[in-house]
Amino acid sequence: MTPELAYLEGPHGALFAVRHSTVVPRRRLLLLPPFGEELNKCRALLTRTAAALVADGVETLLVDLHGTGDSAGEFGAARWTSWLDELEFALDALGNEVPIGLFAVRSGALFVPELLARRPGRVDRALFWQPVSSGNQFLKQLLRLRVMASKFAGVEESVAGLQQELARGAAVEIAGYEIAPALAAAISAVKLAAPALQGLARVDIVEFMSGADPTLPVRQLVAAVGAAGGEAHAEVVDCEQFWASQELAQPAAAIASAVRLCAASMAA
Amino acid sequence: MIEAQLKAILGDVLGLKDRGAALTPDSGLMGTLPEFDSMAVVSILTAIEERFGVTVSDDEVDAEIFQTVGSLLAFVTDKVA
């Protein structure tokens, strides 16, 4: 199945879109991409996963957010709210013929609460791949990436110091991405928690690691969604950490799990 | 329990495959394994935070804890306790 590539006229300029579609779709998913370098590591896997899903009647749409990939704009000018505007626009672009879901990868999960709040009832399920659940912790991890890279280069920096720079209104560059203070502040304010997921008929959370139980934050999230009357499942797939691995990884087990979970949610 | 999970993290992040299972507390990390660069340090700390539900601040982190599997294990055991 060959994906359709297109430039959409988004709310903040041209949006590069990759759509996998089929003649008789059963469901459509909007992909919520991970941040920065993680998307580059995941892109090939996401394309293969989309190809496997569409063969099963599940269409997907992936847009490059403002200032990323082949879309318009500079990363340094990217803002959290404009990315949300673009994802909301992409949700609309999915039409109304079949049920719509979200497929969030890593920090893409942080878009989910606001997106569901903006468009209640638009989405009935969400699939998470190794979700980042705390924006604040995620931002610190990004800053730590810079601190460690500096340390290896013999320059002493600290996460706290970089946070102060951001607070003073200065952008911080991390691994080639210039992060504006407003973007950093918005990211660190987001938390993926059970109340935000209310209204979804089904939530699936997949973590990728060597045979172990789901992590504590995921177990807590699943329990909280369940307690609020929702249906949530967590599973662990034993394969490479494709968003972080030094060599591009496209684990077949990850693709298979996405296909299986989507099929299960459509049967339910 | 913590040791097994830590070895799993190291194997996952560093892509050690079969070499991961062969790690012992004496196994050297930084300066021994070619895969152990700054990116790996960050990924390992992230995995530790996510899997054990703890927060690591950067003033706790120095080169010494990444000397061996044993030194990293001592650090994590201390965090989780």
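In this predicted model, the count of cavities of 30 Å³ or more comes to 3. The two with the greatest volumes are set out below.

| Cavity | Volume | Lining by class | Largest share of the lining |
|---|---|---|---|
| Largest | about 430 Å³ | 15 nonpolar, 7 polar and 6 charged residues | α3(B), 7 residues |
| Second largest | about 60 Å³ | 5 nonpolar, 3 polar and no charged residues | α1(A), 3 residues |

**The largest cavity.** Its lining comprises 28 residues, and those nearest the centre are Glu38(A), Arg106(A), Trp243(A), Ser43(B) and Thr46(B). At least two lining residues come from each of α1 (37-54), α4 (135-152) and β8 (177-179) of chain A, and likewise from α3 of chain B. Because domain 1 (4-133 + 197-267) and domain 2 (137-190) of chain A both contribute to this lining, the largest cavity lies between them.

**The second largest cavity.** The residues lining this space are Val18(A), His20(A), Leu31(A), Leu46(A), Thr47(A), Ala50(A), Thr60(A) and Leu62(A). Two or more of the lining residues are given by each of β2 (13-20), α1 and β4 (58-63) of chain A.

**Helix α1 of chain B.** This helix (residues 2-14) has 13 residues and reaches 18 Å from its first C-alpha to its last, close to the expected 18 Å. Its buried residues are Gln5(B), Leu6(B), Ala8(B), Ile9(B), Leu10(B), Gly11(B), Asp12(B), Val13(B) and Leu14(B). The buried residues of α1(B) pack against α3 (38-52) and α4 (69-80) of chain B. Just after α1(B), Gly15(B) adopts a positive phi of about 60°.

How values were computed. Residues numbered from 1 in each chain as written. Chains lettered and ligands numbered in written order. Predicted model: local features only at pLDDT ≥ 70, side-chain atom pairs only at ≥ 80, totals over all residues. Heavy atoms only, no water. Helix = DSSP H or I, 4+ residues; strand = E, 2+ residues; numbered from the N terminus. Expected span 1.5 Å × (residues − 1). Buried < 20%, exposed > 50% of the residue type's maximum accessible area, 1.4 Å probe, protein only. Contact = heavy atoms within 4.5 Å. 1 Å grid on protein atoms, 1.4 Å probe; cavity = no way out; pocket = protein on both sides within 12 Å on 5 of 7 lines; lining within 4 Å. Points joined across faces, edges and corners; volume = space filled by probe spheres on them. Nonpolar A, V, L, I, M, F, W, Y, C, P; charged D, E, K, R; others polar. Domains from an automatic or database assignment.
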